[in-house]
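Reader: Before I rely on the wording used for this structure, I would like to see how each term is earned. Could we go through the labels one at a time?

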Amino acid sequence: MADYIWLIPFFPAVGFLINGLSCNKTSKTFVSWVACGALFFSFLVSAAIFVNFLQLPAEGRIFEKDVFDWIVSGELAVRMGFKIDALSVIMCLVVTGVGFLIHVYSVGYMHDDPGFTRYFTYLNLFVFMMLLLVTGNNLLLMFVGWEGVGLCSYLLIGFWYEKDSASNAGKKAFIVNRIGDFGFLLGIFLLFVSLGTQGVWTLKFSEIQPNAHLLSVPLATAITMLFFVGAVGKSAQIPLYVWLPDAMEGPTPVSSLIHAATMVTAGVYMIARLNFLYSMAPDTLFVVALIGALTAIFAASIGFAQYDIKKVLAYSTISQLGYMFVGVGVGAYAAGIFHLMTHAFFKGLLFLGAGSVMHAMSGELDMRNMGGLRKKIPITYWTFFIACLAIAGIPGLSGFFSKDEILWKAFSSPHGHPGIWLLGTVAAGMTAFYMFRLLFRTFFGECRASDEVKHHIHESPKIMTVPLIILAALSIAGGYLGVPHILGGGNRIERFLEPVLGPPQHAVATRDMSITASAWASVGAEEAAGGGSLELILMATSVLIGLFGIYLAYLFYVKNPELPKRFTERFRSLYRVVNHKYYVDEFYEAIFVRGLLKVGGGLMRVVDDGMIEGSVNGTGSLMKRMGGIIRLIETGYVQAYAFGIIVGAIFVAGYLIMKPIM
Amino acid sequence: MLQDIPHGFYFILSGILFTIGAIGAITRRNAIVIFMCIELMLNAVNLAFITAGNALSSMDGAVFVFFIMTVAAVEAAVGLAIFITIFRLKGTINADEVNLLKG
């Protein structure tokens, strides 16, 4: 099987080349078959490897193959190699599976766009890069994918580049990502050098892991912090989250694929992949969990006051990514990956649903102009409703299992802290509120659209609704891969990931729980007794908070539509701050963008205009002036030249004559 | 007789003739005169060659002289042709007024 793993990224690369080199000469049907087919074959290979894995014993579930030497220079030898283990096979399945559905959906969504071929070319390139990221067996290959998805993100956000806002959003995303990538690159350098000085010059994961113990804890902390900077940029966490909401300028399926389901989760994947390093650095883990929890609650609060449905979903994505970082930050890597997967299902679905709503509403995005769509576009409504339930953490749907797994681990893991649990739980309630605010305002009540738009409202074609239905089914069923022990499940995903991510770190006594700790210090059989009931209580708490959020949204937006207006009038200044996203963009604009422009302008005047241009022009004018002096010698009179020759000859002769004498 | 005159005098005469020629070639303005001065310089050199050949009892000096005389004849032909052309072009053969070499 190992011989075939390179096929996974290979198919999208071929699709990219075919569509990219066809120069718009091929028909739309051909383009869509190539693009979707590439993804489908990739998905088949991933699925085959997955099935193969299930038949193998846990230790054997790893395929690695170096295809060819890429860079060989002294101690550094980087090989183009692919590696599939439990972690990357899940990522591959998510990327190709959800990616395939979104490709199919896009065929319907982008049908009338003049950039149809370009769109699918970029999309295939993106999937190729993402698969390179998750299947690469060394850090450099991962970095190539890491940069590649950033590039595709830029291309696709600015897809409608005639629009100023779109091309600016693309640039913003790229630049903010670059800040993170810089940290990631420094992390690679530091890791390579610090392992190298210990005699292990390598970038391969499989060689770093057994040698990780050579690193001192401060060094490991520094390396992991640098990597985390990369993750903060790519996965849109505080303080580098600002690009993601703007990324909604791209076509909606792009938001769904790149900015919800796959690319932004690269940071989570990277931390899970390097879990052995992160586990060595508890300080970094704490920072990761804290940033995650703060992002979760911060982004959720911005979601309260946005009216653009895609913006709400964007902040929701940031908030959910925060959850994943809480998961990996408390050492529960499997829980983070589990949430990554379920989130890919329901957030992909939410975005596609939003796209379907836009499709029905002639491109309208403002939920103030919607309402009452429930009856008119039932399939979209029902799938959207399922996704909302899933993200709100209603028991029985996928979001519930993954979110509660994270919250429970945040509370109980040795790296966890009840404060982080509290932040996460409050954010869960807020999530439920803003998601149902969105749902109620869009699908319930009176239709507030203009008559013309109202007249056009129609359900999307089958090619768009079928992916919605499949994703809805996955949003329900996806959670059953990770039913926790306490609910009688086997937490299969955690066990599947165990060979890569290590055994789950079970509850041990932490600071504030020393009283109950003795009861469930040892896990296993006793867990059901002491820790089990605590886990159930926490679970019930978060579910109740989620239900409360939904009820509140119901109260505000269905039962008493006047309430939000009165509410906002009461807290006018607070509302304005939240509606303007806490003025973070304005703050960055004033401090960083303007500051950089000023520094850049100063440097331009002093260094570029003054020094570089000055020295270049100076060389020229110096030559000109010297030439002006010397050219006076050239009179043009033959006799003057003859005089020169004679004087010269006299000097030479004089020298030759005087030489023997002197 | 000629044999009684020491070789040194011939060389001195040759040097004087050459210097006169050189100064004339630099200072005079009329191209024909310059040309004559150049001929003077050439013949001064011829004299030096002949003397040296005689002093060393060798024919090499005389061979050189033949060559120089040939070159001088050719030069005279070419040079006069150039002067005629310049005269047609500029209406003068005054060297001061011919400074086409100036960039």
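**How the labels are earned**

Author: We can begin with the division of chain A, which consists of domain 1 (306-511 + 531-572) and domain 2 (585-658). The C-alpha centres of domain 1 of chain A and domain 2 of chain A are 68 Å apart. Please keep in mind that this is a predicted model.

Reader: How do you know what confidence the predictor has in chain A, and where does pLDDT stay under 50?

Author: The average pLDDT of chain A is 87, and 95% of the residues score at least 70, on a scale that runs from 0 to 100. Over residues 507-529 of chain A, however, pLDDT stays under 50, and for this stretch the model has 23 contacts beyond four places in sequence.

Reader: Why is A:Tyr122 called buried?

Author: A residue is called buried if 20 or more other C-beta atoms lie within 10 Å of its own. A:Tyr122 has 24 such atoms within 10 Å, and therefore A:Tyr122 counts as buried. This residue is found in helix α4 (residues 116-135) of chain A, and, leaving aside its neighbours within four places in sequence, A:Tyr122 is in contact with A:Cys152, A:Leu155 and A:Leu156.

Reader: What makes the length of helix α20 of chain A close to the expected one?

Author: Helix α20 (residues 462-477) of chain A has 16 residues, and the expected span is 1.5 Å times one less than that number. This gives an expected 22 Å, and the helix reaches 22 Å from its first C-alpha to its last, so the description "close" follows. Among the buried residues of α20(A) are A:Met464, A:Pro467, A:Leu468 and A:Leu471, and what covers the buried residues of this helix includes α3 (86-109), α15 (333-360), α16 (378-392) and α17 (398-412) of chain A.

Reader: How do you know how chain B compares with a compact globule?

Author: A compact globule of 103 residues would have a radius of gyration near 13 Å, but chain B has 17 Å, so by the globule rule chain B does not match that value. Along its principal axes the C-alpha trace of chain B spans about 50 × 30 × 25 Å, and 11% of its 103 residues count as buried. Chain B has 3 helices and 0 strands, in the pattern α-α-α along the sequence.

Reader: What makes up the side of chain B that touches chain A?

Author: In chain B, 10 residues are in contact with 10 residues of chain A. On the chain B side, these divide into 6 nonpolar, 2 polar and 2 charged residues.

How values were computed: Residues are numbered from 1 along each chain as its sequence is written. Chains are lettered from A and ligands numbered from 1 in the order in which they are written. This is a predicted model: local features need pLDDT of at least 70, side-chain atom pairs count only at pLDDT 80 or more; totals for chains, interfaces and linings use all residues. Helices (H or I, at least four residues) and strands (E, at least two) are DSSP runs, numbered from the N terminus. A residue is buried if 20 or more other C-beta atoms lie within 10 Å of its own, exposed if 12 or fewer, and partly exposed in between; C-beta atoms are placed from the backbone. Two residues are in contact if their C-beta atoms, placed from the backbone, lie within 7 Å. Ala, Val, Leu, Ile, Met, Phe, Trp, Tyr, Cys and Pro count as nonpolar, Asp, Glu, Lys and Arg as charged, and the others, Gly among them, as polar. Domain bounds come from an automatic or database domain assignment. The radius of gyration is taken over C-alpha atoms; the globule rule is 2.2 Å times the number of residues to the power 0.38.
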